[in-house]
Amino acid sequence: MKRKLRSLLFLALLCPGIVSSQPAPKKLPAKRTTASFKIDGILDEAAWKEAIPATDFVEWRPTFGAHEDPSCRTEIYILYDNTSIYIGGYCHEKSGDSVSRELVGRDQVGVNDYVGIIFDTYHDKINGVGFYVTPLGEQFDARYNPSNGEDPSWNAVWNSEAKIVADGWTFEMCIPYSALRFVSKENQTWGLNITRNRKKIGKQFMWNPVDPKVNGFINQEGDWTGIEKIEAPVRLSFSPYFSTYANHYPYKTDGVKDWTSSVNGGMDVKYGINDAFTLDMTLIPDFGQVQSDNQVLNLTPFEVKYNENRPFFTEGTELFSKGNLFYSRRVGGAPLHVDDVYNELGTDEKVISNPLESKLINATKVSGRTKKGFGLGIFNAITKPMYATVEDTITGATRKIQTNPLTNYNIIVFDQTLKNNSSVSFINTNVWRSGSDYEANVSAALFDFNNKKNTYNWNGKFAMSQLISKGNNINGYSHTIGFNKTGGRWNFQLSEDLANDKYDINDMGILFNNNYIDHYFWTAYRWLKPTNWYNRIQVNYNAYYSMLYKDMPGQKINSRFQTFATNVNGNIQFKNLWFAGMFFGYVPRGNDFYEPRTTGYSFRTPRRVQFNPWFQANPTKKYYAEVNYFVGLRSLFHSPNHEIDIFHRYRFNDRFSISHNLTYNPTKNDAGFYNPIDPAGNSIFVDNILFTRRNLKTISNIFSFKYSFNNKSGITLRLRHYWSNVKQLELYDLKDDGTLAPSSHAGTIPLIHQNFNIFNIDAVYTLQFAPGSFINIVWKNQASTFDGDVEHEYFKNFDNTVSSPQNNNLSFKIIYYLDYLDFKKWGKKRKEA
């Protein structure tokens, strides 16, 4: 995936170092062409011979400064005309079999070799965009700036093809100017770098050297000089879509249809306001085909944070992530009063429908960055009012209860990059609700400063939150400040994170709890020069100390201390491209003020000793595996906690692969909050807080199958079964000092076990039938069970789950990309005809 690109290419953004004396950047003269190109990956057009090739690549990793083997050299040709940039390349190898390749789909890397072209179109040493191609012609692209590093979600529409040949592979790219942002002028120079990754030997090369001991990447580019008389085009495109869904669930209830269907239509619009800023808008969006959430049994006092899979909310959102104030799943999430419906029911009423998600009407983004480093981001989304339907069981009359008002979500971000890869930023998030419901507003100022030599960093955030309702505003405060040493092989980070008891960002962000003051220290030492048995080693030390910002209302213990944790860990990459690591941690006894679920009480957490070895094999082999084993030994009830994560994948050929991810997590004699209920699920009132000693077991299995027909179409199949159970063993009362005592309710309060299963299938066929245009056919299946039967083992639970009623959803969606420039060309040709 693109995160592989981050780990392989942009370590310099994440692990900056000392500025050393650098040679002058390489220069490549630009060459204009009038030729026509067939983008087929074959360099048979005579025009390629007119370009001066970019050659003499330098190794970046693992041995910086070494030159390419002449028999495996890289030759890159770049031409341009009035509409596009054309790039051709010849990546020599000793044989075609030396090329690492796999069809994995757009925006993924897999085990592929690749070549990437990175442009700094403003030549400001700050902003960049990259276009990458694999030996089988698949694409990925990204955008870069020092404030946010890499934005792998950015996507452009461009054309590429590649060809495996007897002594390596060749490729061609066509990047239209509509995919770039630049200033129109007579003569200009762009920043340019080119990278080549040879996976089988674990080496990466750069055209212009990128010193790993120098902070930054874009600032180490070469120059593409003498670009003459090119004009930024009108950047306007439309992506209308049509979709249809058929859904089946066996309700087996009179008056309720088992089959339902829908037909939908809408459009995404992208418009280049000027050379720096772009407007993105989605009208009547449809996100029904996104991957199913990995639902879990949640035993914590906090909500589960799910990944964002909706494309509009993952693409081009790097500015909106500033300050960690935006959790995009809030937009279109659960209605504000979804649970209040059950408190408003009449004696003879029942709920007929109560939507768990709000309907998004539209969403808009404006984002970009000027040549002087000023970044602007504006986000706005509107969700429609939502209603639950309830029915009188005697008369049959129905009525609606509003669960969510018309709601507007808004973000505005200002971000100014400064010299030395520094920046200052301001972000504001706002949630407005019609009617009498409260509104929310959060503002934050951020700074990120590096010294002249890029060896030290100061950073911070100061934030204010407001919950606004009639006659009662709640104001909160938070700050984060940090000081880091970023230069050399020895680095460190020291930070403080504080939030008062009124700070709340949860209407548009996510914050599990406030009222804390935390301190964190990290230091690391790196060995970056390869030897005869390793490529690199890193050893880390971490320490974390947390306490309450102020006493809780009615607090029972005379201490604000929450937790202290410390660990030593390290990792190594061997010459055979295997990784291995080890983690040792210690956590003394602490106080958990949230597990009791009652303000003022705390639970005295046990002492923990932790141990975690792991390894990753060479990913270029047909069979790849990674294993992560964790064990935690706790003082309370002498309870061990084990977790083993195993991921392995087998590639049958370049088209077909299977992978499996297993998580096994058994815990003996765990202690946790217990909510007393009777076997019918009704709450039982008790005058104290109950905990139980319990055994936990969780097993998750994910099987993924991938088959690619070619570099434009393929099928993926993902099956996930998750099983988690809680076996209650003994009841305890929570004492005022946070310790546990055998419960006075033992024998009178029933111990209700929990057993949760969920099974999902996500099957997707994708065809890219034109640049930016797709047909997707998706089948989604889900079945789940929740009961108190904890006696059956894994396979019986799996059998019961797949035998339970299942929801099946089949959908078809077509997206067609329309570029204004294509309309213009078509109109011109028609006029000439």
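**Exercise 1.** Is Phe656 buried, partly exposed or exposed?

*Solution.* Start with the ground rules. This is a predicted model, where local features need pLDDT of at least 70, side-chain atom pairs count only at pLDDT 80 or more, and totals for chains, interfaces and linings use all residues. Residues are numbered from 1 along each chain as its sequence is written, and side-chain values use heavy atoms, leaving out hydrogens and water.

Next, take the scale: buried is under 20% relative accessible area, exposed is over 50%, and partly exposed lies in between (1.4 Å probe, protein chains only). Phe656 has a relative accessible area of 25%, so Phe656 is partly exposed.

**Exercise 2.** Find which aromatic pairs Phe656 forms with Phe652 and with Tyr707.

*Solution.* Rings of Phe, Tyr and Trp (its six-membered ring) pair if their centres lie within 6.5 Å; planes under 30 degrees apart are stacked, over 60 edge-to-face, and the rest tilted. By this rule there are 53 aromatic pairs.

- Phe652 and Phe656 are 4.9 Å apart, centre to centre, with 20 degrees between the planes: a stacked pair.
- Phe656 and Tyr707 are 6.3 Å apart, centre to centre, at 55 degrees: a tilted pair.

Now place the second pair on the chain. Phe656 is in strand β37 (residues 656-673) and Tyr707 in strand β38 (residues 690-710), 51 residues apart. Strands here are DSSP runs of E, at least two residues, numbered from the N terminus.

Finally, check the partners' accessibility: Phe652, at 42%, is partly exposed, and so is Tyr707, at 34%.

**Exercise 3.** Work out which strands build the largest nonpolar core.

*Solution.* A nonpolar core joins buried Ala, Val, Leu, Ile, Met, Phe, Trp, Tyr and Cys residues through side-chain atoms within 4.5 Å. The largest one has 37 residues, and Ile76, Ile85, Ile87, Phe119, Phe131, Phe171 and Trp224 touch the most other members. Two or more residues each come from β3 (74-80), β4 (84-92), β5 (114-120), β6 (128-133), β10 (168-176), β11 (185-198) and β13 (222-230). The largest share, 4 residues, is from β10.

Then zoom in on Phe171. Leaving aside residues up to four places away in sequence, its contacts (heavy atoms within 4.5 Å) include Leu43, Ile76, Ile87, Val115 and Val133.

A separate, second core has 28 residues, among them Leu325, Val331, Val442 and Met508.

**Exercise 4.** Which aromatic cluster contains Phe119 and Trp224?

*Solution.* Go back to two of the core residues, Phe119 and Trp224. Together with Tyr80, Tyr177, Phe182 and Trp190, they form one aromatic cluster.
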